[in-house]
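Here's a quick tour of one protein model, made for someone new to reading structures. Have a look at the picture first, then work through the bullets.

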Amino acid sequence: MSTHLLLVDDDRTFASLAATVLRHEGFRVTLAHSLHDARAALARQAPEVVVLDRRLPDGDGIDFLPELRAQFPDTAVMMVTAHGDIASAVDAIKQGARDYLSKPVELDDLVLRARRAAQDLQLHERLRQAESELGGRRRLLRPRAPAMVEALQMIERIATAPRSPVLITGETGAGKEVLARHLHNVQGGQGPFVHVNCAALPSALVESELFGHERGAFTDARAARRGLVEVADGGILFLDEIGELPLSLQAKLLTFLDQGAFRRLGGTTELTSNARVVTATNRDLTREVAEGRFREDLYFRLSVFRVEIPPLRERREDVLPLAESLLVELCAELGRRPVDFSSAAKARLERYRFPGNVRELRNVLERALVLESGPALELQALEPRGNQGPAAVDPDAFVVSGGPRTLDEVERLYVKHVLGRLEGRRMEAAKALGLSYPTFLRKLEES
């Protein structure tokens with residue numbers, strides 16, 4: 001059954017175009033051009049997803065949000081705010097919105113986020129339905145690899161020092177956010193868990209996003225707003241991709257870590273927050289320090305406790321049990337009865353190196369569940385093509401001509417290369433690169 005989406009926007013041209021695109025993607029779309037129209041549509045049928053503009057002819061969408069959430073608590077709401085209006089976006093998230101989009105809304109981004117919201121809702125429903133079928137098969141995964149056992153034991157010890165910073169390092173896709181959330185749970189789950197992707201923050205608004213601002217601090221700052229440091233008070237502020245934080249803000253973060261105090265942008269009053277700062281990176285921060293891109297004093301402060309997640313290829317004893325656990329979850333998510341791996345698939349899992357770590361493993365399993373129709377999964381996609389050895393060269397591989405280039409230059413060229421190979425399909429390119437869509441767009445702009 002298709003997902004019912006209510007789009008509330010007074011821009012009739014945009015609303016009509018967006019509705020056409022969303023319907024083409026399989027959504028059942030209802031349009032409303034005012035809060036009055038929205039209430040009438042909601043009275044007729046409850047939608048699974050609502051895309052709600054903030055500025056409407058008869059009121060503010062944010063003011064309508066508590067009413068909507070109270071009446072339909074299971075509906076996923078995405079708020080549309082003006083470009084750069086981070087304050088409204090933060091306010092909307094605090095009042096229960098699932099996500100926010102900035103104007104001008106890109107239709108690709110709208111479709112991507114709407115699809116994710118629908119998938120999350122379907123997952124929760126299927127998990128409830130599948131619970132009785134799965135029974136005892138669902139269990140908490142316990143790692144077997146000594147390095148991961150040691151990492152979890154360290155997390156449990158760190159939880160007894162709730163104010164000290166924690167730095168989690170590891171390759172992309174290794175599970176750094178999972179470990180940060182585990183720390184939050186071990187601490188009792190008290191207070192919010194606020195996830196901030198430093199790479200996705202607009203450079204001009206990073207300070208306002210993190211530390212808030214006072215009225216008049218910048219254009220459109222019509223009211224004082226709390227930043228995410230304040231929102232995370234009493235819980236965990238998880239700063240992912242901390243190596244992307246601008247140097248200009250690193251000193252302010254250091255002050256907060258040392259004193260628990262900060263000032264909002266444009267403010268003079270010293271404020272406090274009891275948020276625990278947990279950071280993560282796949283970069284070598286010592287190298288970033290040596291090359292002047294990261295403050296040495298901040299690095300030492302962040303790494304009071306340092307936890308490293310080894311790549312999946314170095315904890316091979318965890319691959320099969322992890323794959324089995326992920327397979328149970330994906331079967332529920334996709335509405336399939338639980339299936340097992342064939343003996344050949346288990347052998348393939350044990351041989352494959354998984355350069356994309358746990359994220360790649362999950363993607364491989366999801367693809368197999370969709371494309372393979374046998375009674376057991378074979379995972380033939382993990383088998384090398386033909387008789388290629390480890391030194392074989394793909395004739396379509398990315399090649400950089402000319403003299404030596406910096407890694408940043410190569411990365412920018414490769415982003416454009418992948419986008420070209422996929423004929424300009426940006427969402428597919430972001431997924432192929434293992435990047436979030438905002439991070440992909442930022443890297444594309446830099447190229």
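The notes below cover two sheets, the helices packed on them and some aromatic rings.

This is a predicted model, where local features need pLDDT of at least 70, side-chain atom pairs count only at pLDDT 80 or more, and totals for chains, interfaces and linings use all residues. Residues are numbered from 1 along each chain as its sequence is written, and side-chain values use heavy atoms, leaving out hydrogens and water.

**One sheet**

- Five strands (DSSP runs of E, at least two residues, numbered from the N terminus) make an open sheet in the order S2-S1-S3-S6-S7, with parallel pairing; strands pair if DSSP finds at least two bridges between them.
- At the edges you'll find strand S2 (28-32) and strand S7 (99-102), each pairing on one side only.
- Strand S3 (residues 49-53) and strand S6 (residues 76-81) run parallel and are joined by five bridges; Leu52 has Met79 in S6 as its bridge partner.
- Helix H1 (residues 12-24) packs on this sheet and touches strand S1 (4-8) and S2. Here a helix is a DSSP run of H or I with at least four residues, and contact means heavy atoms within 4.5 Å.
- The direction of H1 makes about 170° with that of S2; such angles run from 0 to 180 degrees between N-to-C directions, with axes fitted to C-alpha atoms, for helices over the stretch in contact.

**Another sheet**

- An open sheet of five strands has the order S9-S10-S13-S8-S14, again with parallel pairing.
- Strand S9 (193-197) and strand S14 (305-308) each have a single partner strand, so one side of each has no neighbour in the sheet.
- Four bridges pair strand S8 (residues 166-169) with S14 in the parallel sense, and Leu167 has Arg306 in S14 as its bridge partner.
- Helix H6 (residues 146-158) packs on the sheet, touching S8, strand S13 (276-281) and S14.

**Aromatic rings**

- There are five aromatic pairs, counting rings of Phe, Tyr and Trp (its six-membered ring) with centres within 6.5 Å; planes under 30 degrees apart are stacked, over 60 edge-to-face, and the rest tilted.
- Phe211 and Phe262 have ring centres 5.8 Å apart and planes at 45°, so they're a tilted pair.
- That pair links distant parts of the chain, with Phe211 in helix H8 (residues 206-211) and Phe262 in strand S11 (residues 261-262), 51 residues apart.
- Phe211, Phe256 and Phe262 form one aromatic cluster.
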